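User: I'd like to go through some structural labels one by one and hear what each rests on. Could you set the values against the cut-offs?

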Amino acid sequence: MVVRSFLDTQLAQMLSGALYLLTLAAAATAAAPQVKIGGTTFTGRDVTLFKQDFFGGIPFAEPPLGNLRLRPPVLKTRLQQKTFDASNFGKGCLQVGGTPTTFSEDCLTINVFRPSGLPSTARLPVLFWTYGGGFQDGESSIYNGSAIVAQSVARGTPLVYVNFNYRLGPLGFPQGQEGTVTIVQSPSPISDPVRTADDKKALNLALKDQLAALEWVQANIGFFGGDKTKVTVFGQSAGAIMTAILFLNPSIEKLARGAIFESGSAATALEFPASRREVDWQNFVAGVPSCASLATSGKTFDCLRHANSTEILSGLVDAINNADELFGFDPTIDGPGGLFPDIASRILKTGKFAKLPFIAGTNLDEGTIFTPTTGLTQDDIRANIIASYSPPLVDPAVLAATADRLLELYPDDPSEGSPFGTGVSTFGLPSGFKREAAIQGDLSFHSQRRSWIQTASRAGVKTFGYLFTQPQPNGDPADGVAHGSEVFFVYGVPSDQSPSSLHLSSIMIDYWVSFATSLDPNDGKGNPRPLWPQYTPANEVLLQLNGDNTTTIPDDYRKEQIDFINSDPTVFHHRRGLNLQMLLRPFCLFTLIAGVLGAAPQVKIGATTFTGRDVTLFKQDFFGGIPFAEPPLGNLRLKPPVLKTRLTDKTFDASNFGKGCLQPGGTPTTFSEDCLTINVFRPSGLPKNARLPVLFWTYGGGFQQGASSIYNGSAIVAQSVARGTPLIYVNFNYRLGPLGFPQGQEADDKKALNLALKDQLAALEWVQANIEFFGGDKKKVTAFGESAGAIMTAVLFLNSPIDKLARAAIFESGSAATALEFNAARREVDWQNFVAGVPSCASLATSGKTFDCLRNANSTEMLSGVINAINNANELFGFDPTIDGPGGLFPDIASTFLKRGHFAKLPFIAGTNLDEGTVFTPRTSLTQDDLRADIIASYSPPLVDPAVLQATADKLLELYPDDPAQGSPFGTGASTFGLPSGFKRDAAIQGDLSFQSQRRSWIQTASRAGVKTFGYLFTQPQPDSDPSIGVFHGSEVVFVYGAPSDPSPSALHLSSIMIDYWVSFATSLDPNDGKGNARPNWPQYTPSNEVLLQLNGDNTTTIPDDYRKEQIDFINSEPTVFHHRRALKI
């Protein structure tokens, strides 16, 4: 009887957090994570790439529609339904640049990222993010907290990350007199739909959304493993401003214990009453067709509550486009009892604010992106200052004199202007630009941050201040260290990939996480980093955040100027931004300035307009969930894909990934059979004639699990742009398990084998037909994949038109000969198990006539069959590529094709990881006889005489003695990690049989045929994983995607140069293009120079491809024995 203990032991490891990637080993994955709250079970997403669980799109308030539009949120801590699909983000709130399809008014949703495998008693600290976006733009879905959570775990201080959506523009910040009239005598103010705004508390609704989200956290975060008493709120720009306003109300102390303010304080907000914005509100109503006639009536709310979302969006766009101010809808003074009862300086002076610890900081050049490039004479600037503070809270003559003094303190001298430290250079702009930028930055941000932190520290609050000064080599030099540039670093995706930036990003996450978990950024854990001194009245110092010089500096820059601003709070502390033409400036993030974002990106193919998502954090466009084939349902189930290069719809919402294909660990709701979709990541702003190279990814997952949505190509595309070789990244879904790889004689007879390979071909054909519409070059496609994805790609190299669909490939831990290489009839029992698990077809399981019945079953039945088949398979992977005979994609064992030279002669990179076999090896004791029997069983029925197979097994065991010092994980001496002595022996055999020998055979064969090839061995240590698995199968994936598994400088550097090598190869067919990071030359693999590049952050160097030469030579000398299997059935 074959032992299948790997499945159980590996599952236990994964549930304990030791290991998991969606790779070849994915058959052992746990179910999608679930949390039960009240009577509702929430099913999230297993973010296996980061060992995390994600729960998204959870409503924290009733949809603010109909009678609830323009009202405070109605908290929703419990749902009515029994189950809720929480596997994706909810839609962002209605905003410019989208439609009621891509965004929605039903948007008040919250998201949770947590480490996977938490015990039910876990109570982790919580980081709660509020995004920026000028109060007019932004959404939670573009902020991925995975890097923060991953580093919190790696440093031993795990936490939970939460973010949410809030209403925007006039829906989040209603303005005008109607919003300020109070009716004191009202018998039923809540139920009366025509009462005025303040009676229904209609001001600052977005702030109330933020409070509601925090209240939801208090009620529910414990179910997700979070500690409601340890919540740290943090945000940037508009998000920091909103959070700081909440600090003006001591009641926030019941909802949070600390805060981090990035470029925003309460006094950064406008601080005028709503009545000042009467015209803005009228513009909004005038843009709502059914309410336009009421625009000036002062009685608009009832009509607006009956309008549809399309009309509301029309009004929103009209209002923002016609606003006299840069941000016409933001927090407003709402009077006594409100959240923002008076200007911040007055409240701070009284000491009536939350006394919670906080970090507050700014970036060096906060004002540059808000500064116009015209209208910068002395008189222009003076007039704009006065207009921005009018109607003034002081005599107009005092305001005029104050403006004159301000201009004296900021002379028209470029060497004193912003971007600071750039001398007399004006970057080709008017000489007044740098002057104006310095004024703008100090008025809006630096003075307010200094006033806030000084006031709080003098009141005894524990505070820490920073100044972010990291150069931005990929930005416009006129922007300097711009507003918003620190966000990338906090989220682990610095805007350039230099060692300085990568290091700074890592220590900034350490500081942030340390503060969130201990209320002190100096917990001594994680990366070594400078001490961050507390800001006190006796020691007013900041931490300068700079990758080359993080150090303590006094908080006295531009002291005379900022002291003057802060000495006149009645003048300067009731405004936000100079009323200047920011639309002339090119820079944008989803931050305070995001109101000027362009529309969501669109591409027209045939008669269909595809509307994608503007991934502003990376300056990219995303188009997802696009069907490349007809849904494989009904009569199309168990048939090759029907290519779909055109749609019949006029419009298509391509702003999100499609669902992954049906698989264990989910339901027909979280996954789907209608899953053959493709996704495109591209740099934004491409000209119509752009023809960029394309990287086409096929994911791993043991042919049984996986989805394109967990692989985010943004880091790859971003680095390709930064290094001057931009490309497009594409990935797709393919059918899995018995639906993608049918087995048995019936499937063979009906030509229904290897359907997933045909899905892959169809996706490549879609690229050929359509990628040019997205700016890609169909002649420059590089196919790459890992594990199962690499195997599938390699099989296509044997007998498909791959050379018409791609020009190169990258194989990560997978070759054609890694696949099983038996015919389908060998798996008859597996197919019968599948059919037996489909209730309506179970009686036909052994009939050999199952397809018609299966095509009439529903997806719930099909999933039942999938689970039954996989759970009862005699092999680890019972459904994978199979020999399909002459004319098929996989007509014979790979070694036969390679020997004849019958394969695509395309350039490629192929490599493996040091310890490929460890994750496939059981942890139970295996005697010599057990191991011999398992080897023989794994290659049966043999293609040679059984006696030859037995003798070969004996020789193999001689070559791999039971000596831990020679076993895998390699280089770990005699240590057995508390496991049986045979574990390392077995792991070495498994890794060499399945991966190392096949990679060597493939690259040697191809190079001897004149193919341009490059080989690698990935040896980077994995300090955060179980030491017994070493540099395990799949561990390189996170490096290729810019999210290394540990945040050490070595790992960050290696990730960056690996992306450089991959991008260089995809764009030039050579990993050595001389662009990007400095890195060692990667020699071509040739018959006279069989060398690999060792990929290791501390020692990337050339090594000979001769490790375990005797053993691997023996394996490769017996291809008829060893080249028709994949993994030992142990």
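Analyst: Here is a run through the labels, with the cut-offs alongside. This is a predicted model, where local features need pLDDT of at least 70 and side-chain atom pairs count only at pLDDT 80 or more, while totals for chains, interfaces and linings use all residues. Residues are numbered from 1 along each chain as its sequence is written, and side-chain values use heavy atoms, with hydrogens and water left out.

User: What makes up the chain in terms of helices and strands?

Analyst: There are 33 helices and 28 strands. These are DSSP runs numbered from the N terminus: helices are H or I with at least four residues, strands are E with at least two.

User: How much of the chain is buried?

Analyst: Of its 1130 residues, 65% count as buried. Buried means under 20% relative accessible area, exposed over 50%, and partly exposed in between (1.4 Å probe, protein chains only).

User: Why is the aromatic pair of phenylalanine 358 and tryptophan 452 called stacked?

Analyst: The structure holds 70 aromatic pairs. In this one the centres are 4.7 Å apart and the planes differ by 5 degrees. Rings of Phe, Tyr and Trp (its six-membered ring) pair if their centres lie within 6.5 Å; planes under 30 degrees apart count as stacked, over 60 as edge-to-face and the rest as tilted. So 4.7 Å makes it a pair and 5 degrees makes it stacked. The pair links distant parts of the chain, with phenylalanine 358 in strand S11 (residues 358–363) and tryptophan 452 in helix H12 (residues 432–458), 94 residues apart. Both phenylalanine 358 and tryptophan 452 are buried.

User: And what makes phenylalanine 623 and phenylalanine 774 edge-to-face?

Analyst: The angle between their planes is 70 degrees, and the centres are 5.1 Å apart. That passes both tests, so edge-to-face is the label. Phenylalanine 623 is in strand S18 (residues 620–627) and phenylalanine 774 in the loop between helix H20 (755–770) and strand S23 (776–786), so the pair ties together parts 151 residues apart in sequence. Phenylalanine 623 has a relative accessible area of 0%, so it is buried. Phenylalanine 774 has 1%, so the label is buried there too.

User: How do you know that the charged end of lysine 905 sits over the ring of phenylalanine 903?

Analyst: The test needs NZ of Lys or CZ of Arg within 6 Å of the ring centre and within 35 degrees of the ring normal. The charged end of lysine 905 is 4.4 Å from the centre of the phenylalanine 903 ring. Arginine 1108 lies over the face of phenylalanine 970, at 3.9 Å from the ring centre.

User: Why is serine 813 called buried?

Analyst: Its relative accessible area is 0%, so serine 813 is buried. Serine 813 is found in the loop between strand S24 (808–812) and helix H23 (828–836). Leaving aside neighbours within four places in sequence, its contacts (heavy atoms within 4.5 Å) include Gly911, Glu916, Tyr1016 and His1033.

User: What makes the serine 813 and glutamate 916 side chains a polar contact?

Analyst: They come to 2.5 Å. A polar contact is a pair of N or O atoms within 3.5 Å; within protein, one must be able to donate a hydrogen and the other to accept it, and residues adjacent in sequence count only if both atoms are side-chain atoms. So 2.5 Å is within the distance limit.

User: What about arginine 155: buried or exposed?

Analyst: At 7% relative accessibility, arginine 155 counts as buried. Its place is in the loop between helix H2 (146–154) and strand S8 (160–164). The side chain of arginine 155 makes a polar contact with that of threonine 157 at 2.8 Å.

User: How do you know that S1 and S2 pair?

Analyst: Two strands pair if DSSP finds at least two bridges between them. S1 and strand S2 (residues 40–43) have four, in the antiparallel sense, so they pair. In S2, phenylalanine 42 is the bridge partner of valine 35. S1 and S2 form a hairpin with two residues between them, and glycine 38 in the turn has a positive phi of about 60 degrees.

User: Which strands are the edges of the S1-S2-S5 sheet?

Analyst: That open sheet of three strands has mixed pairing. Its edge strands are S1 (34–37) and S5 (83–85), as each pairs on one side only.
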